[in-house]
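Trainee: I have the sequence and the model open. Can you show me how to read a helix, then the empty spaces?

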Amino acid sequence: MRWHQKGLKEAVEDLGTSIQGLSSEEAKKRLEEYGPNELKEGKKKTPLGMFLDQFKDFMILVLIAAAAIAGAMGEVADTIAIVVIVVINAIIGFVQEYRAEKAMEALKMMAAPTATVMRDGVPAFIPTSEVVPGDVVILEAGRIIPADLRIIESAQLKIEEAALTGESVPVEKSTAQLHDEAIPLGDRRNMAYRGTVVSYGRGKGVVVGTGMETELGRIATMLQTEEEVKTPLQKRLVIVGKRLALAALAICAIVFTVGIMRGESPVLMFLTAVSLAVAAIPEALPAVVTISLALGARKMVKQNALIRKLPAVETLGSVTYICTDKTGTLTLNKMTAEEIYVDGRIIKGTVPDLRTERSGVVESGLSPEKSLMTAMALSNDAVPDAGGKVLGDPTEVALYLAAEKTGFNKTVLEKDNERVSEIPFDSDRKCMTTMHRDSSGGFRSFTKGAVELILAKSLNTLTSEGIKDLDREEIIRISERMAADGLRVLAIGARKWDAVPEKMIHEEVENGLTFLGLVGIMDPPREEAKEAVSLCKSAGIIPVMITGDHPITARAIARRLGIIDDGGEVITGTHLERFSMEEFEKKVLDIRVYARVAPEQKLKIVKALQDKGQYVAMTGDGVNDAPALKRADIGIAMGITGTDVSKEAAHMILLDDNFATIVGAVREGRRIYDNIRKFFKYMLTSNSGEVWTLFLAPFLGLPIPLLPIHILWINLVTDGAPALALTVEPAEGDVMKRKPRPPEEGLFAGGMWQHIFWVGLLMAGITLLIQAWAIKTDHAHWQTMVFTVLCLSQFGHVLAIRSEKESLFTQGIFSNKPLLGAVLSAFMLQMATIYVPFLNPIFKTEPLTMNELMLTFILSSVVFFAVEIEKYFKRRGDEKLHQ
């Protein structure tokens, strides 16, 4: 039997305590027995462990092996270059991870809660860590619940449980025994849970669980046992790295064998083969990927998205589903008066300013609107603090602010309409009443509460034409429609008194009312969230709402945001529990809204989507979101309202708690992935050109076109800077209009392999053509001409592939200035190897004549124009598809 099912006496007896609490001696014994009331952290990585982890990647290991071979062959420059790239990659990855861990520690240090408990029969103020099972905790407004409690005393006690259950409205607590075992956390009215906050009233609770035995601790355990999944890019890079390594070894073997068969020097062929194998592996890849992600992360921080785990930057671009919590993520987490019914009409949004008449006095001549606003302001326990922030029950705060916006300030009104008596809210009566002095003489009471109850207690209604008969059926119809729209509906009535009753008995005072109106309240969706949902859909991303809130509220918010259409299905946690994983996976792709969901069910949803091959982003701010945040392909926590547990589990933190920020982050993720693909396209096409050149030359009866120094120069210098500059290429125009990449799609999809093959072959063809022509026409500088054509062809290629489809002439050559600078710098370095005398013997080059140089320029430009023609046909194909 669970604690919420036990009666007060039984619960207290089972815990070996009393309503007076524990003695200090007994508390000390229990502290030793149960341990401190703290969440135990999983094993943390040491800084050294974090740094060494950066070297576990397959590509990094291949590069280290390549560096060792190059060093053994005497190519010290190549070895140094590779080692520097590997170390820089490791440092960047380490710094990012270390910073994130430190940020989490700083966030934890901000929370140092204490608790007030009964010890030796008197209240005692102790650290939360010393709270033990059996302690009786005193609960007051503003206090954080220190452990899981069974409520034993409640005086209008309300607890804000949004962090744990997703419920946006504070839950009123009682001591009554509950009998249903499977009742959701949000409906356990006689329990209070660690980490939630008392928002109103007072009470007491006996501790039933501390530390890891609390609901919070259970979630922490789920977090520590749940494994993170590899990012799409990590998965793709592992495959690509292995294939490239095998290809490099195969190329090395073939070139060496063919060269030996032709009678070339074994030492020269071995050096050439090793140089070519090293060239075939894009050793700048880890650095380019890490730098791309780090620059993206830096840019995202400026857009209020803090990246905690670097690969998450790219993962955003792969996301197919965004599972988002409702409260505080899609909504403002602030109850607001959304709709008002008064004088037979409905006012949606903000009520017009009514300050044209005196608002400081309640008098019989007030219009219905003013009477209602006055009641909302005066019959209200919300109060502003010194800084102007309104404190109190969220519903009352919503009424207070709605009245204030129309010119009815509670503080001003109370000068002439002093509160003289009241009947507090009671969950049995479902209403509250306040009595105020009336400046026109006598007194006036205001009663607010459930619609059916206020109508039953009302005799008539106030209209602009005076007092009229009450149309109860019409008012009930309107209130039901408002409730169906997800609004919490309150009715307000008033009554005139000559004198304050001697006894404020609710049966007498809360009768004979004049009905004033209805107020519909809800936690409204963020304005920008609707646009963000629309952008997600246009980008082919499916937004899914997962909330612990009520189904009606969830449906209303989802409909307003465009997540579901009218009549769309809403699945509750109870229904979800009935599905086996196999049954659920058949439906999961079609469900858009989940309500009244438990933490483990959020995890079930994420796993089911992943099992169906989807990449899932999970947003949330509560403790209940943390296990799913960790399991998701990318977990996104809220920076302002988010709990430390959710931030610890997340890959990314939204600093402004805004769902719309995710859209900008998705755009950035897609841009980064596009640019990594462009880097691959450039590097592997360049390497393909070099391989084809060396591979085909012997079969065409030509001598080895390039020496090892030429291959390494092209590989390390002319490829390097332009390739890195591709990482800052601006996003393409259609980046948020296309669907996410299919999860199973490889890095080389979309015709990239074909491009690498034919452009590499074209480069080799032009290079071998200039070699054959130069040898036939007795040009002594043929090898320098071959070296230059191959280099310059790659510069033309990198400028042409800046966009998948758009022409460079449309983009503008200056739209990526770092790339332009890199190409010009590499061009100058290439010219230096030809025309700077002391470099000629090092690079085995000779100065070219002007005619020879012009010929190399003309031939090397062929690649650029060939790729521009390829893009032209791609654009034509797209135009035909859209016709």
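Trainee: How many residues does helix α16 have, and how far does it reach?

Mentor: This is a predicted model. Helix α16 spans residues 472–484, 13 residues in total. From first C-alpha to last, α16 reaches 18 Å. That is close to the 18 Å expected at 1.5 Å a residue.

Trainee: Which residues of α16 are buried?

Mentor: Buried means under 20% relative accessible area. In α16, I475, I478, S479 and M482 are buried. They lie on the same side of α16, because they cover an arc of only 100 degrees around the axis. The face turned away from that buried side carries E473 and E480, both exposed.

Trainee: What covers the buried residues of α16?

Mentor: The cover includes strands β10 (336–342), β11 (345–348), β19 (488–497) and β20 (513–522), plus helix α15 (451–456). After α16 comes G486, with a positive phi near 90 degrees.

Trainee: Now the spaces. How many cavities of 30 Å³ or more are there?

Mentor: A cavity is closed to the probe; a pocket is open. The structure holds 3 such cavities. The largest has a volume of about 60 Å³. Its lining includes V255, R262, M269 and L694. Helices α8 (232–261) and α9 (266–280) each supply at least two lining residues. By class, that lining has 5 nonpolar, 2 polar and 2 charged residues.

Trainee: What volume does the second largest pocket have, and which residues are closest to its centre?

Mentor: About 1,300 Å³. Of its 45 lining residues, V169, T395, R488, V489 and L490 are closest to the centre. The lining splits into 17 nonpolar, 11 polar and 17 charged residues.

How values were computed: Residues numbered from 1 in each chain as written. Predicted model: local features only at pLDDT ≥ 70, side-chain atom pairs only at ≥ 80, totals over all residues. Heavy atoms only, no water. 1 Å grid on protein atoms, 1.4 Å probe; cavity = no way out; pocket = protein on both sides within 12 Å on 5 of 7 lines; lining within 4 Å. Points joined across faces, edges and corners; volume = space filled by probe spheres on them. Nonpolar A, V, L, I, M, F, W, Y, C, P; charged D, E, K, R; others polar. Helix = DSSP H or I, 4+ residues; strand = E, 2+ residues; numbered from the N terminus. Expected span 1.5 Å × (residues − 1). Buried < 20%, exposed > 50% of the residue type's maximum accessible area, 1.4 Å probe, protein only. Arc of directions from axis to C-beta. Contact = heavy atoms within 4.5 Å.
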